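Colleague: I'm new to this one and would rather get to know a single part well than skim everything. Could you pick one, take a close look at it with me, and then say a bit about its surroundings?

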Amino acid sequence: MKLEVLQENLSKALTSASRLVSTHVTLPILSNILLETSGGRLKVSATNLETTTTIFIGAKILKDGGFTLPARTFTELINTLPAGKITLELSEGQLLVSTDKFNSKINGIPAVEWPISETEVLDAKKDKVEISASDFVSAVNQTAFAAATDDGRPALTGVLFLPEEDKLTLVSTDGFRLSQKTLVTKITGKSVLVPAKALIEAARIIGEETKKEAGPLIFLSFIKNQIIFFIGDIILSSRLIEGTFPAYEKIIPSTTSSRSVSLSSAELLRAIRSAGIFARDNANIIKFQISDNKFQISSVAAQIGENVSELDAKIDGGTKEKFTIAFNYRYLLDFLSIIGDDEVVIEFSTPLSPGLFKIPALKNFLHLIMPVRV
C-alpha cells in the first residue's frame, strides 16, 4: 500500500472514527483503525464489534493495500503534522508516514485480521431508504436519551423502530421514563431494536456532515441483524438488539387528564435547577404542587433547608383541590435539555400515574416520567 493524502482530511476522518475505539478490549485489533484503499479512495474504519464506522476520503493511490494501526497513536501523530500532503507507505509490517520534513514508522496488525466484513454492507445499498437528516437527528435527540444505559436489560438500551404505513415511530424507555416520536417516511418492514449509542453516534455524524447543506437527505437500510446508515462519504453500521421491548402502549395514559399545566420551559428549567440544589440530598426528589390556581415546585433537604418556586402557568382542571406529585429532578432536566425554549404542557391524572409532557411546537412527540412515591 502506498498513497498520498491531505493531512486535514485524514485528521478529520481519524478523529471521527476514533470515537468507537476503546482501550479496554479483548482483541488487540479492536484498538486499531483500519486504513485500506478502495475504489481509488482511502477507507478509514473503526469498530467495537457492535458498531462500525467507515469513512471514505480522497487520496492519490499509488499502490493498493491495507493495514491497521493503533488508533490513539496514529491519530495523535497525524494531528501534530502541518496541513498539506502526507505520504503513507506500507513496508515490512510497518506504516511509513512522511512529509517533506518528517518521517515516522508505526507498527500495526495486517488488515486480513480485521474482524468486520463489508459484504453485507455493500448488499444493503440496494434497499436503502432516504430520510430527512434534520428530522432524523431531531427524532434521535428526542428519544435516545431516555434509553437505559445499564446492560442488565439489553432491550431497554435500544430505541424501538416501529414502521407503520408512511410513518416511523421511535420509542425508548428505561423503566422510569418514556419518549416517543413519529416521523413521516417510507420505511417499511418489521419492528427492530436499534442500540441508542449507535443512534447517538449516527446523529452526531449527520450533524457534522450536513450542517452546511440545506435540507439534506441520508439513507438507511436494514439487512439481517444490522441497521446501516449511509451519510455522504460515511457508512455507520450497527447490530440490532435481540429481545422483547416492553408493551409501551400500556404505559401511556389512555384516559383524559384531570389537571393540565402550560408554562414556559425556560422558567420551568430554572425552577427545577433551583430545586435540584436541595433535592440532591433527598434522593433527588422534588414536588409539583397545584392549589388555588397556583403552580409551585419545591424541595426539602434536612441538612440544608428548603426551596419553593411559584411559576406563572395556565392551569386547567381541579384548580381548587390541592394536588401534589413528586419526580426525580434529573429526569426532568434531561427532558428539558432537548426541547429548547418552547412552551411545555404537563398533564396529570393521579399522584401515582405518569406525568405526560407535551411540546405543542413539536408535533408527534410525547414524553412520560414516572412519579416518585413519597
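Modeller: Sure, let's start with a pair of strands: β20 (residues 285-291) runs antiparallel to β24, and six bridges join the two. Two strands count as paired if DSSP finds at least two bridges between them. The names come from DSSP runs numbered from the N terminus, with helices being H or I runs of at least four residues and strands E runs of at least two. Before going on, note that this is a predicted model, where local features need pLDDT of at least 70 and side-chain atom pairs count only at pLDDT 80 or more, while totals for chains, interfaces and linings use all residues. Residues are numbered from 1 along each chain as its sequence is written, and side-chain values use heavy atoms, leaving out hydrogens and water.

Back to the pair: isoleucine 290 faces phenylalanine 323 across in β24. Both strands belong to an open, antiparallel sheet of four, ordered β22-β21-β20-β24. The edges are β22 (305-311) and β24 (323-328); each has a single partner strand, so one side of each has no neighbour in the sheet. On average, neighbouring strands here are turned by 20° against each other, direction ignored. In general, strands of a sheet pair through backbone hydrogen bonds, either parallel or antiparallel.

Two helices lie across these strands. Helix α6 (residues 265-279) lies over β20, β21 (294-301) and β22, at about 20° to β21. Helix α7 (residues 329-336) lies across β20 and β24 and runs at about 80° to β24. For such angles, axes are lines fitted to C-alpha atoms (for helices, over the stretch in contact), and the angle between N-to-C directions goes from 0 to 180 degrees. Contact itself means heavy atoms within 4.5 Å.

Now for another sheet in the chain. This open sheet has five strands in the order β5-β1-β7-β8-β9, also with antiparallel pairing. Its edge strands are β5 (60-63) and β9 (102-107), each pairing on one side only. Strand β8 (residues 94-99) pairs with β9 over six bridges, and glutamine 94 sits opposite asparagine 107 in β9. Here α1 lies across β1 (2-6) and β7 (85-91), at about 90° to β1.

That helix has a helical partner too: α1 (residues 7-17) packs against α2 (residues 71-80) at about 150°, with axes 9 Å apart. Gln7, Leu10, Ser11, Leu14 and Thr15 of α1 meet Phe74, Thr75, Ile78 and Asn79 of α2.

One loop residue is also worth a look. Threonine 185 sits between β14 (177-184) and β15 (192-195). Threonine 185 counts as buried because its relative accessibility is 6%; buried means under 20% relative accessible area, exposed over 50%, and partly exposed in between, using a 1.4 Å probe and protein chains only. Leaving aside residues up to four places away in sequence, threonine 185 touches Glu130, Ile131, Glu165, Asp166, Lys167 and Leu168.

Zooming out, the protein has seven helices and 27 strands, and 49% of its 374 residues count as buried. Its C-alpha atoms fill a box of roughly 80 × 50 × 40 Å along the principal axes.
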